[in-house]
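Let's walk through this one together, from a single residue outward to the whole chain. Keep the viewer open as you read.

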Amino acid sequence: MSEGTRYCWRCDEPILHGQAVVTSMKVSISAGGHVVVVHEQCPKPPAYVRRTP
């Protein structure tokens with residue numbers, strides 16, 4: 001099974017082969033678990049996301 005392209009959860013840039021990453025498991029009752037992968041040092045600042053209630 002192919003994993004496909006992984007993207008950084010923080011900066012939304014693709015994670016290239018050989019780049020240093022940090023992987024963590026976020027547990028969610030509804031999702032049954034979610035793997036979060038981020039660069040050790042992102043190539044660009046995180047994208048601004050406006051969240052409104």
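Start at Glu-13, which touches Arg-6, Tyr-7, Cys-8, His-39, Pro-43 and Lys-44 once residues up to four places away in sequence are set aside; contact here means heavy atoms within 4.5 Å. Before going further, some housekeeping: this is a predicted model, where local features need pLDDT of at least 70, side-chain atom pairs count only at pLDDT 80 or more, and totals for chains, interfaces and linings use all residues. Residues are numbered from 1 along each chain as its sequence is written, and side-chain values use heavy atoms, with hydrogens and water left out.

Back to Glu-13, which is found in the segment before E1. Strands such as E1 are DSSP runs (E, at least two residues), helices likewise (H or I, at least four), all numbered from the N terminus. Glu-13 counts as partly exposed because its relative accessibility is 26%; the scheme is buried under 20% relative accessible area, exposed over 50%, and partly exposed in between, with a 1.4 Å probe and protein chains only. One of its contacts, Pro-43, is 30 residues away along the chain, yet the two C-alpha atoms are separated by 8.0 Å.

Next door, Asp-12 also lies in the segment before strand E1, which covers 21–26. Have a look at its backbone: phi is near 65°, a positive value in a residue other than glycine. Asp-12 has 55% relative accessibility, so Asp-12 counts as exposed.

Two other residues of this segment are worth a stop. Tyr-7 is found before E1 and, at 48% relative accessibility, counts as partly exposed. Leaving aside neighbours within four places in sequence, Tyr-7 is in contact with Asp-12, Glu-13, Pro-14, Ile-15 and Val-37. Tyr-7 and Val-38 are 31 residues apart in sequence, but 7.7 Å apart in space, C-alpha to C-alpha. Arg-6, in the segment before E1 as well, is partly exposed with a relative accessible area of 33%. Beyond four places in sequence, Arg-6 touches Glu-13, Pro-14, Ile-15 and Val-37. Its C-alpha sits 9.8 Å from that of His-17, eleven residues along.

Now cross over to strand E2, residues 34–39, where His-39 is found. Is His-39 buried or exposed? His-39 counts as buried, because its relative accessibility is 1%. Its side chain makes a polar contact of 3.2 Å with that of Gln-19. For the record, a polar contact is a pair of N or O atoms within 3.5 Å; within protein, one must be able to donate a hydrogen and the other to accept it, and residues adjacent in sequence count only if both atoms are side-chain atoms. The contacts of His-39, outside four places in sequence, are Cys-8, Arg-10, Cys-11, Glu-13, Pro-14, Ile-15, Gln-19, Ala-20 and Val-21.

Val-37 has its place in strand E2 too, and is buried at 10% relative accessibility. Among the residues it touches beyond four places in sequence are Tyr-7, Cys-8, Ile-15 and Val-22. Cys-8 and Val-37 are 29 residues apart in sequence and 5.7 Å apart in space, C-alpha to C-alpha. Val-38, with neighbours within four places left aside, is in contact with Cys-8, Trp-9, Arg-10, Val-21 and Val-22.

Several of these residues meet again in the largest nonpolar core, which has seven residues: Cys-8, Cys-11, Ile-15, Val-36, Val-37, Val-38 and Cys-42. Such a core is a set of buried Ala, Val, Leu, Ile, Met, Phe, Trp, Tyr and Cys residues joined through side-chain atoms within 4.5 Å.

What about the cysteines? With a disulfide defined as a pair of cysteine sulfur atoms within 2.5 Å, the count comes to zero. Cys-11 is in no disulfide, and the nearest cysteine sulfur, that of Cys-8, is 3.7 Å away. Cys-11 is also buried, with a relative accessible area of 1%. Cys-42 has its closest cysteine sulfur in Cys-8, at 3.7 Å, so that pair is too far apart for a bond.

Finally, zoom out. The protein chain has zero helices and two strands. Buried residues make up 15% of its 53 residues. Among contacts between residues at least 6 apart in sequence, 42% join residues at least 24 apart. The chain exposes about 4900 Å², with carbon and sulfur atoms supplying 54% of it; these areas come from the Shrake-Rupley method with a 1.4 Å probe, and for residues, only the protein chains shown count as cover.
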